[in-house]
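I wanted to go through this model at my own pace and keep a written trail of what I looked up. My notes follow the order in which I opened each part.

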Amino acid sequence: DIVNRSRLWAIFVHGCFWHHHSGCLRATIPKHNTAFWLAKFHANKERDDRNLAALEVMGFRVLVIWECETKESLFLAGLVQSFFRSVSCTPRTGLGA
């Protein structure tokens, strides 16, 4: 994860298992202690949503990259380049802007 406070952007790399990436083959549910894992994944997703929303309220631009997206270098490069183009093209005046 990378945060640039002066430029108001953040990039998070979420593990598909731990953050339970919807529709991803890596987002498995362990067969033992299933109730624990389902609660854990739900809590992780709620925390992620709260944290991302809080950053956006403060004026941050946020990019979430999923672990599975890091496997294809051309796709990943395009994703990051597109994000930085959008960040650099739109001026920010500071927090609360």
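These entries cover the sheet, the nonpolar cores and one histidine.

Entry 1, the sheet. I kept in mind throughout that this model is predicted. I looked up the strands and found three of them forming an open sheet in the order 1-2-3, with mixed pairing. Strand 1 (2-4) and strand 3 (61-66) stand at the edges with a single partner strand each, so one side of each is left without a neighbour in the sheet. I also noted that neighbouring strands here are turned by 10 degrees against each other on average, direction ignored.

Entry 2, strands 1 and 2. I then checked how strand 1 meets strand 2 (residues 9-14), and found that they run antiparallel and are joined by three bridges. When I looked up Val 3, its bridge partner in strand 2 turned out to be Ala 10.

Entry 3, the cores. Ala 10 came up again in the largest nonpolar core, which has seven residues, the others being Leu 8, Phe 12, Leu 52, Leu 55, Phe 60 and Val 62. Strand 2 and helix 1 (34-57) are the elements that give two or more residues to this core. I found a second, separate core of six residues, among them Ile 11, Leu 63, Phe 83 and Val 87.

Entry 4, His 19. Is His 19, which I located in the loop between strand 2 and helix 1, buried or exposed? Its relative accessible area is 14%, and because buried means under 20%, I recorded His 19 as buried. Its side chain makes a polar contact with the side chain of Asp 48, at 2.6 Å. Leaving aside neighbours within four places in sequence, I listed His 14, Lys 45, Arg 47, Asp 48 and Trp 66 as the residues in contact with His 19.

Conventions
Residues are numbered from 1 along each chain as its sequence is written. This is a predicted model: local features need pLDDT of at least 70, side-chain atom pairs count only at pLDDT 80 or more; totals for chains, interfaces and linings use all residues. Side-chain values use heavy atoms; hydrogens and water are left out. Two strands pair if DSSP finds at least two bridges between them. Axes are lines fitted to C-alpha atoms, for helices over the stretch in contact, and angles run from 0 to 180 degrees between N-to-C directions. A nonpolar core is a set of buried Ala, Val, Leu, Ile, Met, Phe, Trp, Tyr and Cys residues joined through side-chain atoms within 4.5 Å. Buried means under 20% relative accessible area, exposed over 50%, partly exposed in between (1.4 Å probe, protein chains only). A polar contact is a pair of N or O atoms within 3.5 Å; within protein, one must be able to donate a hydrogen and the other to accept it, and residues adjacent in sequence count only if both atoms are side-chain atoms. Contact means heavy atoms within 4.5 Å.
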